[in-house]
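Dear colleague,

I am handing over the structure we spoke about, with the sequence alongside. Please have a look at it first; my notes on what was found follow below.

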Amino acid sequence: MESNCRTMFRIGCVAAATLTGCQQAATPVAPPVDHQANVLAGLRAPVLVKGRSPVTWTLAERMAHYKLPGISIAVVDSGRIVWARGVGLKVAGEPDSITPTTLFEAGSISKPVAQTAMLRLVEQGRLSLDSSVNVYLTSWKLPDNKFTAKEKVTLRRIASHNAGLTVHGFPGYAATDSLPTVPEILDGKKPRVNTPAVRVDTFPGAIWRYSGGGTTIMQLVLTDVTGKSFPTLLKELVLDPAGMTNSTYEQPIPAARIAETSGAHNAEGKLIPGRWHVYPEMAAAGLWTTPTDLLKWAMAIAAARAGESDRLLSKSMATQMLTVHKAPTGLGPFLDGSGRGFRFGHGGADEGFYADLLYFPETGQGAAVMINGDGGPPILAEVMQAIGAEYGWPEYRPKEIVPVAMDSTAFDQLAGTYRTTTPFPLEVQVTRDGSTFYLEAPGRAAKTEIVPTGPATFATVTDGQPFSFTVGAKGRATAVVLGGGSLTVPRVK
């Protein structure tokens, strides 16, 4: 009887144990950890400024700070999606709430997903990674020049951003605009096209430089070779095999699906005219999706690399995709870390939308976050840091910024207004308030504090974004350099 009593106690059968006379007191059972609640209450900056104490915030606090109407989050742990959550509103001031199936524009995360389709066609023998793209283009040709005389623009170089091509990104078109064709976009045909022509202006293979223009050439290669529309082709080659059941590259999105979408908002949290912008540059910026669907793609790529599934790519091709070809990119994704800490991912920004995707293939961990406001980009990193801390992501911790001393007089040589119209209109303000320095730029809800890290280099304290200044002979700045050196904005005052 005593043995039976102990057995029943061990399996938690307290009532039966009492009936048999077992008087042993039950051991208290700790409540399950609510990881989701801990994440939503524990947002933190992705950087630590040496000498300052770290702080944490709740999701609600940061959404209010950034005037952000809505956010959607999905988390993977141990190779499975453990939770997905939508918070806030599809459109500010309206009743419809964000849910895990609400669609957002993914911005540049469209690129690695689209490049998966390109790699599938390579595996089918219909494309080569190392042939000139002009071999495949029939509706348009990339003009040759002195830079392409010996080295060619290839799909491998396009996917790893070292093809020597111009046009960093695209602003999209208002919902009421007449949309240009892809060849018109590539030639920068005015007035229908709002970006410059995509051209080779340095030797292919020489440098890494991010180019949405290159990805748009890849888009035309895929449609010219297959004769299919880009949304149809991507649904067939990537979205359906990956189980991305809510996603589409249709631009504009069909009227029947508008109710599924979030609206795009400016930095003040107000809906942009027309609800969102339209992107005929679909491969570069046109994916409508959810955080859950983005993680399905990432898990499928990781499974292919591990040799566990070939529904998207073979093990060999997935390994190529996730191998550095020109740092910091593979054939599409950005890559970082090593061993268990190896990770791949991509960020994205369309008008009124921002997104981030990160996946650790060695541990089966990761997350995707999408927002519907231009004021909130730093919240993406703050959420990622909270998730990483809660789930113990390997080699993932805040970066420490070590500020250097700079007096106000030296800073005043850098302070001013910087403006450009290419590849899109952009104005940056650099100011100070006493001994504290600030940056104001699109994509930030308010002035962002910056700290000097060198004589003419700085980093933002919210997300650690580095930038620098080009300085003239007398120490006065002539331009601010953003985007890891890919975008130079001249000083105008």
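In this predicted model, strand β14 (residues 426-433) pairs with strand β15 (residues 436-440) in the antiparallel sense, and five bridges hold the pairing. If you would like a place to start looking, Thr431 stands opposite Tyr438 in β15. The two strands β14 and β15 make a hairpin with two residues between them, and in its turn Gly434 has a positive phi of about 70°. On from there, β15 is joined by three bridges to strand β16 (residues 448-452), again in an antiparallel arrangement, and within β16 the residue Thr448 is the bridge partner of Leu439.

These strands belong to an open sheet of eight, in the order β13-β14-β15-β16-β17-β18-β19-β20, with antiparallel pairing. Because β13 (416-420) and β20 (487-490) stand at the edges and have a single partner strand each, one side of each is left without a neighbour in the sheet. From one strand to the next the twist averages 30°. At the β20 edge, the partner is strand β19 (residues 477-482), which runs antiparallel to β20 and is joined to it by four bridges; here Ala479 stands opposite Pro490 in β20.

Turning to the helices, how do α5 and α8 cross? The axes of helix α5 (residues 110-123) and helix α8 (residues 212-226) come within 11 Å and cross at roughly 40°, and α5 and α8 are therefore oblique to each other. The crossing of α5 and α8 is left-handed. On the α5 side, the residues in contact are Lys111, Ala114, Gln115, Ala117, Met118 and Leu121, and these meet Gly212, Thr215, Met218, Leu222 and Thr226 in α8. Sorted by class, the contact of α5 with α8 has six nonpolar, four polar and one charged residues.

Lastly, a word on charged pairs. Side chains of opposite charge can pair when their charged atoms come close. Across the whole structure, a search finds 16 salt bridges, and one of them joins the side chains of Lys296 and Asp293, with 3.9 Å from N to O. Both Lys296 and Asp293 lie in helix α11 (residues 291-305), where they are three residues apart, about one turn of the helix.

With best wishes

How values were computed: Residues are numbered from 1 along each chain as its sequence is written. This is a predicted model: local features need pLDDT of at least 70, side-chain atom pairs count only at pLDDT 80 or more; totals for chains, interfaces and linings use all residues. Side-chain values use heavy atoms; hydrogens and water are left out. Two strands pair if DSSP finds at least two bridges between them. Axes are lines fitted to C-alpha atoms, for helices over the stretch in contact, and angles run from 0 to 180 degrees between N-to-C directions. Angles under 35 degrees count as roughly parallel, over 145 as roughly antiparallel, 65 to 115 as roughly perpendicular and the rest as oblique. A crossing is left-handed if the near helix is turned anticlockwise from the far one by less than a right angle, and right-handed if clockwise. Contact means heavy atoms within 4.5 Å. Ala, Val, Leu, Ile, Met, Phe, Trp, Tyr, Cys and Pro count as nonpolar, Asp, Glu, Lys and Arg as charged, and the others, Gly among them, as polar. A salt bridge is a side-chain nitrogen of Lys or Arg within 4 Å of a carboxyl oxygen of Asp or Glu.
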